[in-house]
Protein chains: 4
Amino acid sequence: MSMNPVIALLGRRLRLAVIGGGPGSFIGAMHRMAAQLDNRYELVAAALSSNPERALAAGLELGLAADRVYGSGEALLDGEHLHPQGADVVAIMTPNDSHFALASAALERGFDVICDKPMTNTLDEAEHLLATVKATGQVFCLTHNYTGYPMVRQAKAMIAAGELGTIRLVQVEYVQGGNAEGVPVKPGAWRHDPLKGGPSLVLGDIGSHAHNLLRFMTGLEVAELAAEVGAIVPGRMVHDYAGALLRLSNGARGNFWVTQAAAGVENCLRIRVSGSLGSLEWEQEHPQVLHFKPQTGPAQIRTPNGPGTLPLAARSSRIVKGHPEGFPEAFANLYSDAAEAIAARRAQVKPDPLALFFPNATDGLAGVRFVAAMMESATANGAWVMLD
Amino acid sequence: MSMNPVIALLGRRLRLAVIGGGPGSFIGAMHRMAAQLDNRYELVAAALSSNPERALAAGLELGLAADRVYGSGEALLDGEHLHPQGADVVAIMTPNDSHFALASAALERGFDVICDKPMTNTLDEAEHLLATVKATGQVFCLTHNYTGYPMVRQAKAMIAAGELGTIRLVQVEYVQGGNAEGVPVKPGAWRHDPLKGGPSLVLGDIGSHAHNLLRFMTGLEVAELAAEVGAIVPGRMVHDYAGALLRLSNGARGNFWVTQAAAGVENCLRIRVSGSLGSLEWEQEHPQVLHFKPQTGPAQIRTPNGPGTLPLAARSSRIVKGHPEGFPEAFANLYSDAAEAIAARRAQVKPDPLALFFPNATDGLAGVRFVAAMMESATANGAWVMLD
Amino acid sequence: MSMNPVIALLGRRLRLAVIGGGPGSFIGAMHRMAAQLDNRYELVAAALSSNPERALAAGLELGLAADRVYGSGEALLDGEHLHPQGADVVAIMTPNDSHFALASAALERGFDVICDKPMTNTLDEAEHLLATVKATGQVFCLTHNYTGYPMVRQAKAMIAAGELGTIRLVQVEYVQGGNAEGVPVKPGAWRHDPLKGGPSLVLGDIGSHAHNLLRFMTGLEVAELAAEVGAIVPGRMVHDYAGALLRLSNGARGNFWVTQAAAGVENCLRIRVSGSLGSLEWEQEHPQVLHFKPQTGPAQIRTPNGPGTLPLAARSSRIVKGHPEGFPEAFANLYSDAAEAIAARRAQVKPDPLALFFPNATDGLAGVRFVAAMMESATANGAWVMLD
Amino acid sequence: MSMNPVIALLGRRLRLAVIGGGPGSFIGAMHRMAAQLDNRYELVAAALSSNPERALAAGLELGLAADRVYGSGEALLDGEHLHPQGADVVAIMTPNDSHFALASAALERGFDVICDKPMTNTLDEAEHLLATVKATGQVFCLTHNYTGYPMVRQAKAMIAAGELGTIRLVQVEYVQGGNAEGVPVKPGAWRHDPLKGGPSLVLGDIGSHAHNLLRFMTGLEVAELAAEVGAIVPGRMVHDYAGALLRLSNGARGNFWVTQAAAGVENCLRIRVSGSLGSLEWEQEHPQVLHFKPQTGPAQIRTPNGPGTLPLAARSSRIVKGHPEGFPEAFANLYSDAAEAIAARRAQVKPDPLALFFPNATDGLAGVRFVAAMMESATANGAWVMLD
């Protein structure tokens with residue numbers, strides 16, 4: 001295989017424009033690293049701030065030409081659309097309430113799109129965006145980055161291959177301590193503003209990741225849920241915890257728990273999937289380890305490129321076994337897979353089917369629906385709600 | 001302190017009679033080891049089987065005199081009651097449906113009682129038994145053995161001392177794989193017979209442990225719950241999973257998940273308690289480790305007899321730091337604490353207050369109530385149920 | 001199988017007398033618990049202190065009859081020898097320099113002997129003691145207790161069964177922090193007195209355990225070694241670290257490192273054995289876990305009573321899988337195996353061959369030889385020394 | 001701080017040329033990722049193979065202009081030296097025996113140099129190369145990549161700040177299973193050819209890493225060593241294991257063990273450093289965790305950006321706490337630090353002192369000396385050898 005399938009197909013890297021993620025943004029830096037790591041994208045344009053002066057300064061800091069630095073996402077879309085060597089791909093990492101308009105506009109102008117999660121704040125927007133993606137036929141990648149870890153993909157592949165038998169029970173939790181203290185919300189903290197951040201802080205921020213991880217790994221949908229969502233830190237106006245009992249599309253049962261108010265906990269995204277033949281356990285803080293506990297035979301520790309590695313996991317790791325990869329590489333897997341899909345589309349060839357496991361607009365809609373159903377159930381004091 | 005507080009008070013060990021736990025019983029062997037480990041009890045009598053011949057053979061194998069081997073619990077209670085050197089304490093490890101009658105009869109004859117969990121199968125029985133305990137003033141110890149682990153007691157003591165601040169969030173799970181396969185139930189498997197095993201296999205077997213662990217560690221009660229309880233293995237008639245969202249007595253929120261159908265999982269009893277100042281995490285498969293994650297300051301690994309050990313934990317460990325203790329020692333902590341309480345009662349002195357943390361009939365009633373509330377909520381399709 | 005093979009053979013438990021291990025002694029308490037746990041011994045006599053008054057008080061605290069409490073080991077041996085219901089077995093847990101005389105005298109009087117390690121302080125004594133054991137035909141059990149852990153025994157059995165292929169490389173370390181501070185030595189601290197404690201504190205205390213663990217697990221002998229032994233804490237007169245390169249009897253190579261001066265470390269006894277087919281890793285602080293890393297196939301976590309458990313390990317565990325056992329149970333495995341051997345000898349039947357894996361006088365001599373060779377090499381500035 | 005300090009100083013990224021690391025090379029891909037991750041280098045030229053056709057094909061696959069693809073390192077150095085927009089920096093990842101000539105030639109032509117380890121195969125070469133680096137004043141970065149991990153740097157900073165007190169004991173091991181099988185050596189496998197790979201396969205490949213990690217973390221030198229080096233896999237002509245006892249420059253003692261023949265082990269690079277105030281433990285397979293065990297106070301788990309993070313570690317991590325980074329990020333830390341040093345040199349400003357912790361030619365010489373001393377001691381049957 002080529003060392004760079006994008007260059008192999010197009011003779012050059014994809015031209016990338018980013019909207020959002022300016023100085024001080026963690027996720028902005030991650031998006032750019034993810035794009036750079038495998039050298040499949042060249043950053044050519046950016047709108048890094050809604051303040052034009054700061055946007056310019058930041059763009060120059062990233063080494064962009066001054067005429068490719070824009071003061072708004074809209075200006076960027078227009079400018080790059082007209083530019084003879086304009087961007088191929090637009091990556092959006094702005095506050096959640098702007099995803100819909102920016103992504104829609106980008107798609108309509110022919111860009112392929114990479115968008116941070118959650119896809120949108122409302123169901124209506126999500127349905128429309130999915131329709132636009134389908135209508136345009138362009139690539140839409142939603143950065144549910146935890147699906148990029150090699151051992152998450154190994155788990156998905158093992159389950160898909162039947163190594164767990166019938167899935168019966170799933171537990172997923174995402175527990176953080178970042179909002180354990182009841183500090184006053186800073187002005188401009190858009191995550192704490194439901195109009196911008198969406199209906200539920202904890203569900204948008206991390207609940208959507210937990211839900212997507214469950215779907216990705218098991219291939220099942222949440223069919224029904226009974227939930228409680230609320231704020232446990234005194235005085236808080238946004239949600240900081242959510243729990244639910246789940247019924248999955250094949251009749252399996254599940255448990256869901258997310259919070260950002262667990263003081264001292266760093267980033268415990270953890271899942272256990274049990275089938276008729278065994279269980280899998282994975283935890284984001286130690287992402288290279290996948291515990292496989294067969295019903296018969298000793299428990300196994302699966303690692304990237306170790307024995308039993310399936311193709312989807314093998315292509316998702318850059319290293320020899322025993323060496324760790326982390327969050328940036330997982331994030332980069334989404335970017336690099338999307339790059340393969342985009343390059344194939346533009347070269348009018350069939351992409352490698354294994355490149356198509358990045359989250360897309362259908363996943364984005366499922367996530368928005370899940371958040372809506374969680375809210376509906378919680379409002380109904382935990383009544384079971386069906387997702388269609 | 002004396003090397004043996006019972007001998008120090010009474011001049012001899014307590015005389016123990018056991019009902020149940022004959023050949024092939026795991027829990028019977030554990031009860032006897034727990035009694036022997038610290039040399040506070042002398043086994044003097046037993047009713048090890050309802051089959052008189054097997055009861056005799058087993059009693060002789062344990063080194064008992066033939067006239068102290070009984071063919072039934074009732075015979076044992078009568079015989080030891082009349083015996084001039086009769087048992088002081090009766091330990092009951094029979095099928096759940098017999099706990100009530102045997103414990104009541106034992107108390108009424110003046111024995112102190114150690115009883116396996118769950119205390120009873122019905123609320124009515126539990127309330128009556130608690131009343132009997134209170135009326136007699138004798139010691140009643142319920143072997144929720146996980147509360148005997150040194151680091152569980154350390155966690156309780158740290159929380160009681162305010163080291164976690166206000167408790168806000170609790171997750172408790174007990175996940176096993178023992179019933180992952182849908183094998184036909186053997187005749188006589190009393191656990192699979194609701195009339196003997198109680199209304200819910202999974203809740204009686206392990207759910208009651210998880211609930212009690214939560215109460216013991218936090219000092220809080222489950223005030224309300226919304227639950228689902230069921231069987232996920234095809235063809236099974238008894239429950240093999242149960243999940244619930246919890247509201248605790250101080251307003252904290254919780255998540256509860258137990259199952260015996262998680263193929264390949266051994267014995268994952270796990271709890272995380274988060275307060276305003278930090279979180280504690282404990283897991284039964286590695287019981288010597290208590291993770292303390294303060295909101296400020298680095299995460300800590302607390303171990304028995306390590307720095308910061310509080311008195312309740314210190315008295316619950318027999319070893320120098322770095323050496324492991326296990327399930328038998330935790331079990332023995334209940335027996336040995338109960339022995340101190342019993343010896344003090346019989347010597348008419350005040351016991352060491354730290355000896356009084358073994359689970360008792362009040363805890364037993366709380367457990368039976370919890371199971372009943374879980375069933376009630378599940379039957380009402382997950383409606384919130386209040387526990388009084 | 002009988003619930004108590006000693007009672008099955010003899011109709012009663014073995015009568016045990018202990019010398020040493022009085023109030024405040026950790027190891028004394030461990031010996032007594034180890035004897036009690038499986039109910040194969042009845043403690044009938046003790047010499048718990050060289051101070052007669054303290055010996056008596058302590059004996060009474062343990063519930064002994066006053067006339068079975070002795071003021072010295074010699075008095076105990078004489079008294080119990082003459083007593084019509086005298087002890088069968090004598091357990092010795094006195095300072096190292098007294099092991100030889102007490103064990104020899106006990107054997108000569110017909111007692112079976114359980115003795116703490118190291119067996120003796122000098123090679124000459126060790127050779128004589130082994131000769132006495134052979135001459136008398138009585139049981140001699142040396143409490144290298146780490147060989148009692150189920151997963152250590154599983155490792156031994158797997159290696160013996162060829163599951164690792166040819167053994168090539170062994171690393172063993174025993175690292176503690178107990179002597180990390182240069183505190184003044186208390187008067188009477190016999191371990192710090194080479195005349196009593198032996199030629200090397202760290203080697204006698206823990207080096208002998210590490211060496212025995214290597215031998216037990218691999219079935220190989222240390223054939224040659226090149227060592228350094230010394231004191232790293234300023235002002236210390238006894239050894240607190242020792243390292244060596246090893247050549248084993250089959251040509252395998254090894255690495256050995258022990259210290260009690262690693263500040264903050266609890267009790268890291270750790271071994272890795274690599275053969276042509278895979279590696280095994282075990283660590284005392286998490287004794288229930290045996291890592292098996294086959295050269296082909298995924299890494300495995302082996303646990304007591306889990307899949308693949310071999311008979312030697314199966315008989316060394318009392319619990320169902322997923323429940324932890326610890327140091328007392330491992331210690332008790334030696335006592336209980338020795339009890340089976342003693343009972344069989346006394347009943348003149350063949351013992352279960354699997355009961356004979358407790359360390360014996362041959363192992364004790366090997367340990368004393370190892371310490372002597374370490375000292376010889378270190379004195380010769382690390383020259384390679386052959387052990388015969 | 002700027003989002004890109006190189007662009008901030010130079011107005012552009014550094015131009016990088018690479019020699020070696022063509023298709024199929026793990027380390028070549030790592031070097032290029034490390035250069036790309038933080039966008040401080042632009043790859044402009046390469047000599048990826050000694051076969052001109054393959055070199056051209058590979059260069060084009062990486063997106064290079066055909067006239068910047070060279071058929072040999074020498075041609076690249078000449079071509080880029082003359083090119084008006086020629087490379088600033090040359091990265092060398094060719095077989096070990098070529099490092100000296102290529103690095104010397106690169107330095108003499110004014111390039112800054114990044115070179116894979118070991119620096120050279122002979123002491124003489126190492127001394128000359130260090131002299132050339134000093135004479136030219138250019139930057140020389142040796143990719144002992146394990147020093148780039150945030151928690152390795154945290155450990156170094158804690159030790160430098162005195163948090164461990166006086167260093168007394170160090171254990172370092174690097175254990176792999178990659179050469180556990182005695183497969184026939186493939187033609188062209190330069191590592192197995194001492195003329196190309198250097199005097200000792202295992203010492204050059206991983207022993208040099210273990211040695212450098214010890215030096216980096218502790219700030220101490222190996223002053224004396226007693227070693228054994230050899231081949232344990234039957235029929236092997238190159239070394240696959242090496243062990244040593246160490247005396248460090250401050251009188252501390254150490255233990256060293258490396259092998260590539262431990263079947264089934266992945267990549268266990270592990271170090272424990274004990275000082276008078278506590279111990280630190282780190283393991284490459286879980287690089288985000290630094291165990292700190294103070295002599296007083298509970299054991300701590302330190303993580304990137306967690307409480308107590310020192311500046312050297314803080315600048316070495318790109319993520320929020322609880323998210324993993326891995327090998328590529330650690331590798332990139334060396335590249336990015338070197339880039340800061342190079343940019344500062346070229347801009348004639350003082351670099352950030354914290355950017356200067358990448359391994360350099362002095363470290364490279366120390367590594368070559370260490371290998372030579374290991375060989376000398378082993379040849380002298382383990383005699384102690386002093387390093388000057």
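Start with chains B and D together: 100% of the interface residues of chain D are also interface residues in chain B, so the copies meet through the same surface. Keep in mind as you click around that this is a predicted model.

**Stop 1: the B/D contact**

Select the touching residues on both sides. You should get 10 residues of chain D against 10 residues of chain B. Color chain D's side by class and you'll find four nonpolar, five polar and one charged residues.

Now pick residues 299–302 in both chains. That's strand β13 in each of them, and the two strands run antiparallel, joined by three bridges. For a specific pair to zoom in on, try B:Ala299, which sits opposite D:Ile301 in β13(D).

**Stop 2: the axis between B and D**

Any two copies of a chain can be related by a rotation about an axis and a shift along it. What rotation does it take to put chain D on chain B? It takes 180°, with 0.0 Å of shift along the axis, and the superposition has an RMSD of 0.0 Å. The two copies are thus related as by a two-fold rotation axis.

Which residue of chain D comes closest to that axis? Select D:Gln300: its C-alpha lies 2.2 Å from the axis, the closest approach in chain D. D:Gln300 falls within the β13 stretch you picked earlier, residues 299–302.

**Stop 3: the parallel sheet in chain B**

Hide chain D for a moment and show chain B as a cartoon. Look for an open sheet of five strands with parallel pairing, ordered β2-β1-β3-β4-β5. To find its edges, select 41–47 (β2) and 140–142 (β5) of chain B; each of these pairs on one side only. Going from neighbor to neighbor, the strands of this sheet are turned by 20° against each other on average, direction ignored.

Zoom in on the β5 edge. Its partner there is β4, residues 112–115 of chain B, which runs parallel to β5(B) and is joined to it by three bridges. Within this pair, B:Val113 stands opposite B:Phe140.

**Stop 4: over to the A/D contact**

Bring chain D back and add chain A. Here the contact takes in 36 residues from chain D and 36 residues from chain A. On chain D's side, the elements giving two or more residues are α1 (5–10), α2 (26–37), α3 (52–61) and α11 (327–347). Highlight α2(D) in particular, since you may want to see the largest share, five residues. Color this side by class too: chain D offers 16 nonpolar, 11 polar and nine charged residues to chain A.

How values were computed: Residues are numbered from 1 along each chain as its sequence is written. Chains are lettered from A and ligands numbered from 1 in the order in which they are written. This is a predicted model: local features need pLDDT of at least 70, side-chain atom pairs count only at pLDDT 80 or more; totals for chains, interfaces and linings use all residues. Two residues are in contact if their C-beta atoms, placed from the backbone, lie within 7 Å. Ala, Val, Leu, Ile, Met, Phe, Trp, Tyr, Cys and Pro count as nonpolar, Asp, Glu, Lys and Arg as charged, and the others, Gly among them, as polar. Two strands pair if DSSP finds at least two bridges between them. Helices (H or I, at least four residues) and strands (E, at least two) are DSSP runs, numbered from the N terminus. Copies are superposed by least squares on the C-alpha atoms of residues with pLDDT of at least 70 in both. Axes are lines fitted to C-alpha atoms, for helices over the stretch in contact, and angles run from 0 to 180 degrees between N-to-C directions.
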